[in-house]
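Please open the model in your viewer and keep the selection panel at hand. The tour below goes from stop to stop, and at each one it suggests what to select and then says what is there.

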Amino acid sequence: MEITLSPVSSSLSKTFFASLYELTNGERIRTCLQCGTCSGICPFGYIMKFPPGKMIGALRAEIFDQVIKADSVWMCVSCNACSAFCPSNIPITAALMTRAKEEMLLAGNIPTELQAALENTQRYGNPMGESPRKRADWTLGLQPEVNILGKTRQPVDVLWFVGDYASFHSRMQSATRALAKVLNALGIKFGILGPEENSDGDSQRLAGERGLFEMMAQKNGQIFKRYKFNEIITTDPHAFNALKNEYPALGISHPVKHYTQFLYERLEQIKPLLKNEIKARVAYHDPCYLGRVNGIFDEPRALLKAIPGIELVEMSHQRLNSLCCGGGGGGMWLDGFQWEKAHTRLSEWRVREAVVASAEILAVGCPYEPPRFEDAIKTIQNASQLKVREIAELLAEAMGL
Amino acid sequence: MKIAVPVKFVPDLVEELTIDPGGAALDTTWLRLIINEFDDHAVEQAILLKERGSGQVAVTTIESEGADDFLFAAAAKGADQLIKLTGDFSSANNHALARVYADLLKELQPDLILTGVQAHNDLDGSVGPLLAELLGLPYVGYVAGLTVTGDKVVARKEYSGGLVAEVEVKLPAVLGIQASEQPPRYVAYSKIRQVMGTAKIEERPVSGLDPSGGTAVSRMFQPEVAERATMLEGGADEVADKLVGIFKELGTL
Amino acid sequence: MSQDIFVVIEHLRGQVSDTSYVMLAGARQLSQSTSGNVTAVLLGHNAQGLASNLAADKVLYMDHAALAEFTSDAYQIALAGLIQEHSPRAVIFGHSSIGMDIASGLSAKLGTPVVSSCRAFTTDGKYVSQICGGKIMAEGELPGPAALVTMVPGGYKSELGQSAQAPALTTVSAPTLEGLRVTLKQYIEPDTSDVDIAKESMLVSVGRGIQNKDNIELANELAAALGCAVSASRPVVDQGWMPTTRLVGKSGKRVKPKIYLALGISGAPEHVEGMGESEAIIAINTDPNAPIFNIAKYGTTVDMFDLIPVLTEKVKQAK
Ligand SMILES: Cc1cc2nc3c(=O)[nH]c(=O)nc-3n(C[C@H](O)[C@H](O)[C@H](O)COP(=O)(O)OP(=O)(O)OC[C@H]3O[C@@H](n4cnc5c(N)ncnc54)[C@H](O)[C@@H]3O)c2cc1C
Ligand code: SF4
Ligand code: SF4
């Protein structure tokens, strides 16, 4: 952990500093107190050679080239915890960490797993490199048939932006089908884009690939224009964040809700349909980009509480202070890299917390999570009884769908 | 030193391939093309050589979906000259491709030509060695790593089982690249976009393809794939016997 | 113009490659439809001995110091003359680091068509090639009057290309081989400190079902008997039982061996991303509902701890 104080070149520090000023509230970086809160709350702060606070110090000392040489910024999972607790309200995640990753990417210093995900996104419009033609394959066999707008061209009330993992990941497809059933049961007139949908691009953006994010946004924006709908709902909090907070600046502006918000608005309609009891202690994991970043804490909990038999328990990290599953900001594509450095996974920490809370079900609202938590359950002692369920899956079960 | 990399596009295997109603060719309705992965390594190797010494890299391909994007990406990686051959290439096989590339390369006079060692849809030889013969140059394929000194190149040629032969080749020469010394790099999309504004793709019309020396296909079909594994029943002893039989049949024993 | 089938024998450092025997077996099948002979073409230096077990009707042997080990320039010049002189119906090469270096060049030089990736010949003498990563088979008449063919293994058993009786050998004179532009400097032994699992033609891959580090030895023994390498799923690498270089999957290497033998691997999507393209997956897993059986070609639910020791023994005996 040697840090040399003689700068190789101070120009990088200067241009980098200047580039931060161009971002929203970027100039606030000058108000850093060096209090260390960010580095302390950061789940991987203890492993980063330059956690956020130290990174700002390096900028001031004009030795930022050392930050770029150390690859520890790839430990950042863009969970926003540092930003949420910074007493100076510095946009650490959105500005500092993301810009630093952009700099790494431009310098060609990029772990191969991440490179593959970015290349796949560029070519196929999804990070896993699946054929875009198969994006709606999860709908096969569902009755009534899911309305794919490119095929039917019918106007709908709700455009459902399904997202990458909810569409393609074999574990998530059943949860996605469950949500389709719930929407049908509520008589919602909805449609999906199917093969025309592209990755929302948000995690790629937070992994430093802003250009690629813009390309995805533009593609999605073009497709949105083709169809008639009143609002958008998403399965994926990352897509929700992109559509709500990032797309408007690119001229793509539509009302958007996460599906838990949308269903919460219809709670009175849902309640009588929840006939089956699910007798279980349930802990709810707040996804970073639903909870901490976008303030949606209560709606998912209200939906869970409405299910007869469910006893909601809280884990030690919750709501604003929730603990990231490790998949954000490119973490989904840095698994091997981060393991090499940390020899632990955030998903494992989280599963341990669920076990400590003696939860029987870990309920989630983000499609990154079930694969991560189910994988972690296999390694954590006393976790084998814990089940991971999407809120949509629990609702569908309680509705007998 | 001047390095030229002629590349070819091949069907993307991520997409389901289907046979056209004629039964002797791939259905092109849903076909998506992608750069031949070995050609991608050839481009990377050329850029690495340029970065290591001095030199100029010319990348060329034929008109197809994705060709411009590919050429701009190559420029963002460091290629100096981008050439796109235009015309009707629907009947092009490797012999025809090699001939049009040979005409171009006679004019460019590169010292070194790098191509991918093969492509997954090669049915009539591979472009590199065809090109070498048409240009009267030596060819060495399966190359993973090379060093240029003066008018010679020492190439590391791979054989199955991992044996490597160090082969000396007189320049000018054509090398078939199996793998570049480093995996093909990633270029941020913003860099590619930048290049799109500045780099120029030279277009050169080509007509009258000559596919002679190729081979005709009378039937194309897909080998059957089962929905689920064939389960081997029986105890350990019986299953082990069956497995040994399978290893033999598949040629690994 | 004769109806004979020539097979260009491949050898390195005094050893005939296995593919050469497969090529001879293919040539035998093809010769039945052309009613010609199978002629093995052996280029080398003091290498007559390599012909002793070739299943061919005769051997044309050319001796020259420049042909001692394979180089494309010398081989191509030597073969061009030989082919022009004898006009065989077909010349079979390996679709390999040797054959692919010269077959296309000879096609351009002699104006003779070439067929790549041939896996087998039909009884009426058509070629069947395997392309697009094994996803497509292409079949057609063998171009005439003469054709060059590069053959991939898999279509014929190599034993069929071997014979207990040495074939008749005719020595032919070598052309002048001067001014060669390609020369072999030296061979470099493969780095045995660690294998590149992406290059192996067969992998024995272990998953969490292996239970502990000591049991990895079972897999090592099986792999040693099979002459292949061991790879692993992530939990095995996480525990430090195997190095990261052996990890298969999204976070590790992408592999496409001929056989991927999965021992106690469930078949999670992240793992499948790295091995789904294997030619044949064989899964050993006690759980009949494990997702790996959806992508495997063969499977068994026999407990691997019962199966592996027996299998290792039988593989040793089969050699
Ligand atoms: C972002 C991310 C990236 C990942 N990247 C990778 C990756 O690159 N590679 C990877 O492999 N995984 C990766 N994973 C992990 C992956 O999700 C799975 O958890 C992992 O592949 C499971 O490994 P496994 O099949 O060995 O173990 P398990 O899923 O635990 O399966 C063990 C299997 O062994 C069987 N078994 C047990 N005992 C026996 C016996 N005696 N005989 C026969 N069978 C037996 C069981 O039935 C079971 O099916 C990743 C996960 C995430 C979230
Ligand atoms: S929490 Fe805010 S003020 Fe404190 S060190 Fe971090 S960036 Fe600076
Ligand atoms: S966003 Fe999360 S992971 Fe990244 S620096 Fe901040 S606290 Fe650490």
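Select chain B and chain C together and look along the interface of this predicted model, where 35 residue pairs, both at pLDDT 80 or more, are in polar contact. On the side of chain B that touches chain C, the elements that give two or more residues are α4 (127–135), β7 (139–149), β8 (152–158), β9 (164–170), β12 (219–221), β13 (230–231) and α6 (236–249) of chain B. Colour α6(B) next, since the largest share of that side, 11 residues, comes from this helix. If you colour that side of chain B by residue class, you will find 37 nonpolar, 20 polar and 16 charged residues.

Now show the contact as a whole, which takes 73 residues from chain B and 76 residues from chain C. Between them the two chains bury about 6,200 Å², and 61% of this area is on carbon and sulfur atoms. The interface also holds 7 salt bridges, and one of them can be viewed by selecting B:R219 and C:E139, whose closest N and O atoms are 3.3 Å apart.

Stay at this interface and select β13(B) with strand β17 (residues 298–300) of chain C, because these two strands run parallel and are joined by 2 bridges. Which residue of β17(C) is the bridge partner of B:T230? The partner to pick is C:Y298.

Move to chain A and select helix α17 (residues 335–342), which is largely enclosed by the rest of the structure because 6 of its 8 residues are buried. Those buried residues are A:D335, A:G336, A:F337, A:Q338, A:W339 and A:A342. To see what they pack against, add α7 (112–124), α18 (346–356) and α19 (369–377) of chain A, and also α5 (234–238) of chain C. Following α17(A) comes A:H343, whose phi is positive, near 50°.

For the last stop, select strand β1 (residues 158–161) of chain A. In a regular strand the side chains alternate between the two faces of the sheet. Here A:V158 and A:W160 point one way, while A:L159 and A:F161 point the other way, and all are buried. Adding strand β2 (residues 190–192) of chain A shows a parallel pairing with β1(A) over 3 bridges, in which A:L159 has A:G191 as its bridge partner. Strand β3 (residues 231–234) of chain A also runs parallel to β1(A), joined by 4 bridges, and there A:W160 is partnered by A:I233.

Conventions: Residues numbered from 1 in each chain as written. Chains lettered and ligands numbered in written order. Predicted model: local features only at pLDDT ≥ 70, side-chain atom pairs only at ≥ 80, totals over all residues. Heavy atoms only, no water. Contact = heavy atoms within 4.5 Å. Buried area = accessible area lost by both parts, 1.4 Å probe. Salt bridge = Lys/Arg side-chain N within 4 Å of Asp/Glu carboxyl O. Polar contact = N/O pair within 3.5 Å; in protein donor to acceptor, adjacent residues only side chain to side chain. Nonpolar A, V, L, I, M, F, W, Y, C, P; charged D, E, K, R; others polar. Buried < 20%, exposed > 50% of the residue type's maximum accessible area, 1.4 Å probe, protein only.
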